[in-house]
Amino acid sequence: MSYKRILQTTLIMGSSSVCNTLLGIVRTKILALILGPSGIGLAGIYTTVTGLFSAVCGLGIWESGVRQIANAVGSGDDELVGRTVLTIRRATLICGALGFVALVAFSGIVSKLTFGHDGHTRDLALVSLTILFGALASGQAALIQGMRRIGDLAKLGVLGSLLGTVISIPIVYAFGERGIPYFLISVSAMSILTSSWYARKIRTASVRASWLESLRDAHPLLKLGVALMSGALMTAATQYILRVFIVRELGLTAAGVYQASTTLSLVYVGIILNAMLTDFYPRLAAASGNNVECASLVNKQIEVGLLLAVPGIVAIMTFAPWVIATFYSAKFLSAVDILRWQILGVMLQLVTWPMGFILRAKGNGKLFFLSELFANSSYLVLTWVGITFFGLPGLGGAYFGMNLTYLVLIFFIVRGYYAFGFTRESVRLLIMSCIALAGVFLLTAFLPKTASLIANSVVTLVVSGYSLKVLLSRAGEEMAPGLLLKIKSCFSP
């Protein structure tokens with residue numbers, strides 16, 4: 001997998017993410033103005049609850065399904081591909097239905113555990129539909145991603161976001177907080193429409209199999225899927241516990257502020273992480289039998305990820321107050337201190353995610369489970385310490401601390417079991433990125449507002465120019481000769 005291929009994939013998915021981000025800005029801004037921090041916090045809690053139930057009942061089918069489809073396609077056996085697709089679609093339908101029924105049945109209990117009363121029982125029962133809709137959409141998306149149809153993935157993301165925005169805003173405007181469940185349901189329903197549309201364009205072999213046969217065929221999916229589910233479950237449970245803790249200790253408004261900072265910390269970097277999920281993971285799975293090739297793929301992904309993301313991360317840290325006011329409103333400015341710590345943790349994810357995918361690609365469920373258990377446990381402990389001693393800003397520090405300790409752990413795991421090692425270039429880029437971000441963080445903390453803004457703006461420009469120059473030299477002129485040669489000439493001596 002070349003730098004050119006990684007960059008092409010990231011640019012395709014990045015274009016989609018930019019469109020989604022712009023739509024998200026419009027949607028989030030309007031929702032924030034209508035609902036305020038407490039409404040945003042409530043929507044975040046509903047989403048966390050459905051994510052928890054989806055993780056439990058989803059059994060990791062989507063992620064293990066991408067791996068199975070990619071391997072089936074690599075085998076060249078059309079019948080195997082068709083049978084795998086049928087199995088995944090049936091399995092996701094069953095899992096989605098189970099999650100829907102489970103949340104409806106336990107909505108009263110969940111309401112009491114989360115809010116201390118049963119006043120949200122009806123709304124939780126309503127949003128349980130998003131579990132079913134999400135499962136069905138994931139089955140379609142697994143096919144598209146496993147086939148590596150990156151263009152279609154990008155298009156369905158934009159179309160789904162556009163339809164969700166157009167439908168959700170009038171609902172919240174008309175009903176306020178009472179419309180939050182319907183807003184979440186409408187966005188989820190749009191994901192089914194768009195994913196189904198593009199999945200139907202893929203022709204696979206027509207295969208007949210009974211439901212019992214499909215359940216038997218699902219065994220390999222479940223073997224890895226249960227381990228992946230356990231990781232997703234721990235993450236979802238951690239997010240749920242964190243929000244309950246924040247609501248109980250600091251209030252619903254604080255939960256909204258935390259939701260805002262968490263969302264913004266991943267707005268830009270999400271483009272690169274999304275690219276990892278769409279193309280890098282299937283390719284890594286296909287090369288899982290070769291440790292040298294896996295290490296090469298991971299190092300290249302880390303390098304491109306850092307070069308693309310660090311300029312944006314530095315910019316977000318520099319202009320954090322304006323970013324928050326733009327996406328939300330001035331009521332959310334208390335999220336600035338959380339965001340600046342979280343963004344440091346997000347930068348570390350650009351390194352840990354590619355390494356962590358080695359465990360997924362190798363199908364090592366045990367190590368994956370243990371590493372996720374460590375990460376989530378440490379996050380909860382650090383969050384308790386952070387809130388106890390530092391209040392709301394302690395949430396951001398806990399996130400950074402968790403990612404730092406996880407980086408050390410995952411490196412020693414993949415090094416010990418799969419002979420992974422960083423290349424000299426990866427280490428150099430990581431050190432330079434840490435220096436740039438640490439500099440911006442410290443300048444913001446110790447210089448007057450105007451002076452730090454000027455200094456950090458200079459750092460942002462320097463980092464952006466350097467990253468662009470290195471990316472051009474790595475990808476070569478083949479990608480887009482006219483444009484790249486013009487840009488490259490600006491940096492030539």
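Student: Is Leu461 buried or exposed in this model?
Tutor: Keep in mind that the model is predicted. Leu461 belongs to helix 18, which covers residues 449-475. Its relative accessible area is 65%, and the cut-off for exposed is over 50%, so Leu461 is exposed.

Student: How far apart are the C-alpha atoms of Leu461 and Val314?
Tutor: Along the chain, Leu461 and Val314 are 147 residues apart. In space, the separation of their C-alpha atoms comes to 9.5 Å.

Student: What about Leu33, buried or exposed?
Tutor: Leu33 sits in helix 1, residues 3-58. With a relative accessibility of 57% against a cut-off of over 50%, Leu33 counts as exposed.

Student: How many Å lie between Leu33 and Tyr173, C-alpha to C-alpha?
Tutor: In sequence, 140 residues separate the two. In space, the C-alpha to C-alpha figure for Leu33 and Tyr173 is 10.0 Å.

Student: Let's zoom out. How many helices and strands does the protein have?
Tutor: The chain runs to 493 residues, and buried ones make up 54% of them. As for secondary structure, the strand count is zero, and the helix count is 19.

Student: Among contacts between residues at least 6 apart in sequence, what share join residues at least 24 apart?
Tutor: Leu344 and Gly401 give a feel for sequence separation, being 57 residues apart along the chain with C-alpha atoms 9.4 Å from each other. For the contacts you ask about, counted over the protein, the share is 84%.

Student: Which residues touch the most other members of the largest nonpolar core?
Tutor: That core has 105 residues. One of the three you want contacts Pro311, Met347, Leu350, Val351, Leu429, Leu430 and Ser433, leaving aside neighbours within four places in sequence; that one is Leu306. The full trio is Leu284, Leu306 and Met355.

Student: Now helix 14. Where is its kink centred, and what proline follows shortly after?
Tutor: Helix 14 spans residues 336-362, and its 27 residues reach 39 Å from first C-alpha to last, close to the 39 Å expected. There is nonetheless a kink of about 35 degrees in it. The kink lies at Leu350, shortly before Pro354.

Student: How many residues of helix 14 are buried?
Tutor: Leu344 is in this helix, and it counts as buried because its relative accessibility is 10%, under the 20% cut-off. Beyond its close sequence neighbours (those within four places), Leu344 contacts Met317, Phe400, Leu437 and Phe441. The helix is largely enclosed by the rest of the structure, since the buried count out of 27 is 23.

Student: And what comes right after helix 14?
Tutor: The residue there has a positive phi, near 75 degrees. It's a glycine, Gly363.

Student: How far does helix 15 reach from its first C-alpha to its last?
Tutor: Helix 15 takes in residues 365-390, which is 26 residues. At 1.5 Å a residue, the expected figure is 38 Å. The helix comes close to that, reaching 36 Å.

Student: Which residue follows helix 15 with a positive phi?
Tutor: Within the helix, the buried residues include Leu367, Phe368, Glu372 and Tyr379. Following the helix, phi turns up positive, near 75 degrees, at Gly391.

Student: Which residue has a positive phi although it is not a glycine?
Tutor: Look in the loop between helix 16 (394-418) and helix 17 (424-446). The residue there has a phi of about 55 degrees, and it is exposed, with a relative accessible area of 61%. It's Ala419.

Student: On to helix 3. Where is its kink centred?
Tutor: Helix 3 covers residues 78-115, and just after it Gly116 takes a positive phi of about 85 degrees. The kink in the helix is about 60 degrees. Its centre is Ser107.

Student: Is Thr114, in that helix, buried or exposed?
Tutor: Leaving aside neighbours within four places in sequence, Thr114 is in contact with Ile45, Tyr240, Val244 and Arg248. Its relative accessibility is 2%, under the 20% cut-off, so Thr114 counts as buried.

Student: Which side chain makes a polar contact with the side chain of Thr114?
Tutor: The side chain of Thr114 also reaches a backbone oxygen, that of Val110, at 2.8 Å. The side-chain to side-chain polar contact is 2.5 Å, and the partner is Tyr240.

How values were computed: Residues are numbered from 1 along each chain as its sequence is written. This is a predicted model: local features need pLDDT of at least 70, side-chain atom pairs count only at pLDDT 80 or more; totals for chains, interfaces and linings use all residues. Side-chain values use heavy atoms; hydrogens and water are left out. Helices (H or I, at least four residues) and strands (E, at least two) are DSSP runs, numbered from the N terminus. Buried means under 20% relative accessible area, exposed over 50%, partly exposed in between (1.4 Å probe, protein chains only). A polar contact is a pair of N or O atoms within 3.5 Å; within protein, one must be able to donate a hydrogen and the other to accept it, and residues adjacent in sequence count only if both atoms are side-chain atoms. Contact means heavy atoms within 4.5 Å. A nonpolar core is a set of buried Ala, Val, Leu, Ile, Met, Phe, Trp, Tyr and Cys residues joined through side-chain atoms within 4.5 Å. The bend at a residue is the angle between axes fitted to the seven residues ending there and the seven starting there. The expected span of a helix is 1.5 Å times one less than its number of residues.
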